[in-house]
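Please read this note beside the model. It takes up two bound molecules and one pocket.

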Amino acid sequence: MAFRSFAIRTFGCQMNVHDSDKLANLLLHAGYAAAEPDDADVLVVNTCSIREKAEHKLYSDLGLLRRWKAAREGRLIGVGGCVAQQEGDALLARFPQLDFVFGTHNLRHVPAMVRAAEAGQRSADVSTSRSLDRFDLPERHPQFEASTPGRAFLTVMEGCDMFCTFCIVPTTRGREVSRPADAIVCEAEDLAARGVVELVLLGQTVNAYGRHDVRRGHASSNGTMRFSALLARLAAIPGIERIRYTSPHPLFFDEALVAAHGDLAPLCPHVHLPVQSGSDAVLARMRRRYTGDDVRRLAESLRRARPGLVLTTDLIVGFPGETDAEFEATLRLVRDAGFVDAFSFKYSPRPGTPAAGLPDAVAEEVAQARLEALQAQVRAQTLAYHRSRVGGEADVLIEGRSRRAQQLAGRDPWHRVVNVAAEHFPDVAPGQIVRVRIAEATPHSLIGEPDASAGAHPGSRNLPVASVPESGFASGAVAIRR
Ligand code: SAH
Ligand code: SF4
Ligand code: F3S
């Protein structure tokens, strides 16, 4: 029996979202069609195990999927991603409704695993390797639909060698491997030719790109280079208006990378910089290899290189042994570094990680109270920043319609969500950039209006960075650019 259609459910971070895109593309090339889960023959769940709650989502999902599978004969279920990497064929043994399990290094083998499953053969492949083969993937299939037209993820490195004591990622994603620069640039050129204007460079510690290969600043035998040099190559590609990267580690900001934020106009004035804690003692127990003051200095140099640059972060509260004073150090760092937004989490012990064995667990109610206090402070900082933007201008990459259908929603270069009334931009489609004036600030987003002040749009790409004021770009009329 031949199966014709597939659907993918994705949990976890942007690497997983991008892996699901790669998998969808592979299955399209293998002759399958994309479908909604209700109509699909093959359903793949791409999993995350960063916190216990994320991992449990898979198990509750698999319960529900038993019914999905029973509803039509011959349906198949596969599980991939970080839980799959961790559990391997134990998942097949535990869940009879599962047909195949693949790890984070094995996307390319999935079409063959689906075919084997169609022939009645259940399989698990969670083998890992340092080979660069896993980066060799086919180009976008004509039927591939990007979730956000105009923007594309681009893998530059995978894996993590940092082994922060709380984190499961080095186990689930394996060792750090950087992709040759030529292959990255080639993919970026292809994306630009297809209308992509914004690249989001991905890696677990993305700014560690090439660090194992680069010797005294020369390109290595693996074809990598300094991260800042890679950024410069990508910034020179015609049509690429915006470049972001996620997630960088504070340890790998060298002078050249900081300077790149002043030199490369397409490099967005936003850095998502996970710092986890503001207490030096907690940072040491987490094995993060920097201090709160290192972060303060880095924030300052980035803002000196690019005035108006926005920093956002990830934070963990309730790490084993965290005292009230240590938690307050986090609040102080969030204030001093001027983070505009943050993802904050209660520490969740992950099996096999060093921190899972640490004494002095923080009581759940204490961790909850700290989370709420931290989030209240972050909300206040977000709103203060949003208010500071009112009256300024922004170029917004339209992503789609917001829940209230009369609004178009997109992101500005500072990564803030901007909503604009659709009636003002009847001809604008997702993937296009419009210039607006910020009329209003809300806790979660900015509201943009057509910019009445006349004058041709200068094109942000050619604006010298020095002329970009704190609150936005220089004046211009509403314009649509591709
Ligand atoms: N590579 C990135 C983070 C990837 S994981 C970095 O180095 O910062 C995404 C976020 O999940 C982390 O920044 C951290 O805040 C959170 N996280 C990771 N492990 C966690 C755990 N065991 N408990 C709670 N939060 C965790
Ligand atoms: Fe996890 Fe640390 Fe690696 Fe980030 S740098 S993925 S937090 S081990
Ligand atoms: Fe989750 Fe794996 Fe990403 S654990 S956060 S999907 S790297």
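The points below treat ligand 1, ligand 2 and a pocket in turn.

1. This is a predicted model, in which local features need pLDDT of at least 70 and side-chain atom pairs count only at pLDDT 80 or more, while totals for chains, interfaces and linings use all residues. Residues are numbered from 1 along each chain, ligands are numbered from 1 in the order in which they are written, and side-chain values use heavy atoms, without hydrogens and water.

2. Ligand 1 is surrounded by 15 residues (a residue counts if one of its heavy atoms lies within 4 Å). Backbone polar atoms approach nitrogen atoms of ligand 1 at 2.7 Å from Gln 204, 2.8 Å from Ser 348 and 3.0 Å from Phe 166. The protein buries 89% of the 540 Å² that ligand 1 exposes when taken alone (Shrake-Rupley areas, 1.4 Å probe).

3. Around ligand 2 stand 11 residues' worth of neighbours, among them Cys 160, Cys 164, Cys 167, His 249 and Arg 288. The shell divides into eight nonpolar, two polar and one charged (Ala, Val, Leu, Ile, Met, Phe, Trp, Tyr, Cys and Pro count as nonpolar, Asp, Glu, Lys and Arg as charged, the others as polar).

4. The second largest pocket holds about 600 Å³ of space (on a 1 Å grid, a pocket is an open set of points for a 1.4 Å probe with protein on both sides within 12 Å along at least five of seven lines, and lining residues have an atom within 4 Å of a point). Of its 26 lining residues, those closest to the centre include Arg 51, Lys 346 and Ser 348. Helix H2 (52-70) is among the elements that give two or more residues to this lining, and H2 gives the most, with four (helices are DSSP runs of at least four residues).

Definitions and conventions
Points joined across faces, edges and corners; volume = space filled by probe spheres on them. Polar contact = N/O pair within 3.5 Å; in protein donor to acceptor, adjacent residues only side chain to side chain.
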